[in-house]
Amino acid sequence: MKKQMTLGDNKLNRGFTVAKVGLDKITAPFGEDREGCPHKGTDFGSSGKEKPFKAGVKGKVVEPLGGDWGTIAVKPAHDSTVTIQYLHCSSISVKVGAEVTKDTVLGKTGKKVPAGTDISGIHLHLQVFKNEAPDYACWGTGRNFIDPETWDTGD
Ligand SMILES: [Zn+2]
């Protein structure tokens, strides 16, 4: 049975927030319709400028790092069942294997995508996933995405 959520339930404030990543606002929520496919993460805006952002969670930097999507990946210390990815980074300040705290700056927001891919402008796309069958076929195979605003960052 699903747990009933009520106002004042701590879980409602346990996820990633604007304050935790140190950016300006949420520009697109998880699950928003993207041409028939739910958005896989939460977009955080930085007022159109490249801006440093924080991990928002304690963990370890894992692969992949960089690449066509400007990716930083972190395995949280308190929950090894999920991986967190920060996409579109214009610069990366950490290396694979680095231990990070919630206040560690990982890099700067950007608009890095593979050639030919559309992007709305500079922002951070933050996604949290488990290696399991996805809830939606359009998410591909092997990764099921969770709402970053409700996933418990563990502090
Ligand atoms: Zn996004």
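The paragraphs below lead through a predicted model of a single chain, from its overall form to its core and then to some unusual backbone positions.

The model has an average pLDDT of 93, and 92% of its residues score at least 70. One stretch calls for caution: over residues 6-11 the pLDDT stays under 50, and the model has three contacts beyond four places in sequence for that stretch.

The chain contains one helix and 13 strands. In sequence order the helix comes first and the strands follow, in the pattern α-β-β-β-β-β-β-β-β-β-β-β-β-β. The C-alpha trace spans about 45 × 35 × 30 Å along its principal axes. The radius of gyration is 15 Å, which agrees with the value near 15 Å for a compact globule of 155 residues. Of these 155 residues, 30% count as buried. Among contacts between residues at least 6 apart in sequence, 54% join residues at least 24 apart.

An unreviewed UniProt entry lists residues 38-133 as "domain: M23ase beta-sheet core". In the model, residues 38-133 are 0% helix and 46% strand, and the C-alpha atoms at the two ends of this range are 15 Å apart.

Strand β6 offers a convenient way into the strand pairing. Strand β7 (residues 71-76) runs antiparallel to β6, and five bridges join the two. Within this pairing, valine 62 has alanine 73 of β7 as its bridge partner. Four residues lie between the strands of this hairpin, and glycine 67 takes a positive phi near 75° there. Strand β6 also pairs with β10 (residues 99-100), again in the antiparallel sense, over two bridges. In that pairing lysine 60 stands opposite glutamate 99 of β10.

Strand β7 leads on to the interior. In soluble globular proteins, nonpolar side chains tend to be buried together. The largest nonpolar core of this model has 23 residues, of which Val21, Val74, Tyr86, Leu124 and Leu126 touch the most other members. Two or more residues of this core come from each of β7, β8 and β12 (123-130). Leucine 124 shows how separate parts of the sequence meet: beyond four places in sequence, leucine 124 touches Val21, Leu23, Asp43, Phe44, Phe53, Tyr86, His88 and Thr109.

Leucine 87, in strand β8, is counted as buried because 23 other C-beta atoms lie within 10 Å. Beyond residues up to four places away, leucine 87 touches Trp69, Gly70, Thr71 and His125. Between the C-alpha atoms of leucine 87 and isoleucine 146, 59 residues apart in sequence, the separation is 16 Å.

The backbone itself holds several points to examine. Most residues other than glycine have a negative phi, and most peptide bonds are trans. Histidine 88, although not a glycine, has a positive phi of about 75°. Histidine 88 lies in the loop between β8 (82-87) and β9 (91-92). This loop residue counts as buried because histidine 88 has 21 C-beta neighbours inside 10 Å, and the cut-off for burial is 20 or more. Histidine 88 is also one of the residues that leucine 124 touches.

Glutamate 35 likewise has a positive phi, of about 50°, and is not a glycine. Its place is the loop between β2 (33-34) and β3 (37-38). Is glutamate 35 buried or exposed? With 5 other C-beta atoms within 10 Å, glutamate 35 is exposed.

The peptide bond from glutamate 63 to proline 64 is cis, with omega near 0°. Proline 64 belongs to strand β6 (residues 59-66), the strand described above as pairing with β7 and β10. Proline 64 counts as exposed because 12 C-beta neighbours lie inside 10 Å, and a residue with 12 or fewer is placed in that class. Which residues does proline 64 contact, leaving aside neighbours within four places in sequence? They are Thr71 and Ala73. The C-alpha atom of proline 64 is separated by 9.1 Å from that of glutamine 85, 21 residues away along the chain.

Methods
Residues are numbered from 1 along each chain as its sequence is written. This is a predicted model: local features need pLDDT of at least 70, side-chain atom pairs count only at pLDDT 80 or more; totals for chains, interfaces and linings use all residues. Two residues are in contact if their C-beta atoms, placed from the backbone, lie within 7 Å. UniProt positions are given in the numbering used here, feature names are shortened, and annotations may be inferred rather than shown by experiment. pLDDT is the predictor's confidence in each residue, from 0 to 100. Two strands pair if DSSP finds at least two bridges between them. The radius of gyration is taken over C-alpha atoms; the globule rule is 2.2 Å times the number of residues to the power 0.38. A nonpolar core is a set of buried Ala, Val, Leu, Ile, Met, Phe, Trp, Tyr and Cys residues joined through C-beta atoms within 7 Å.
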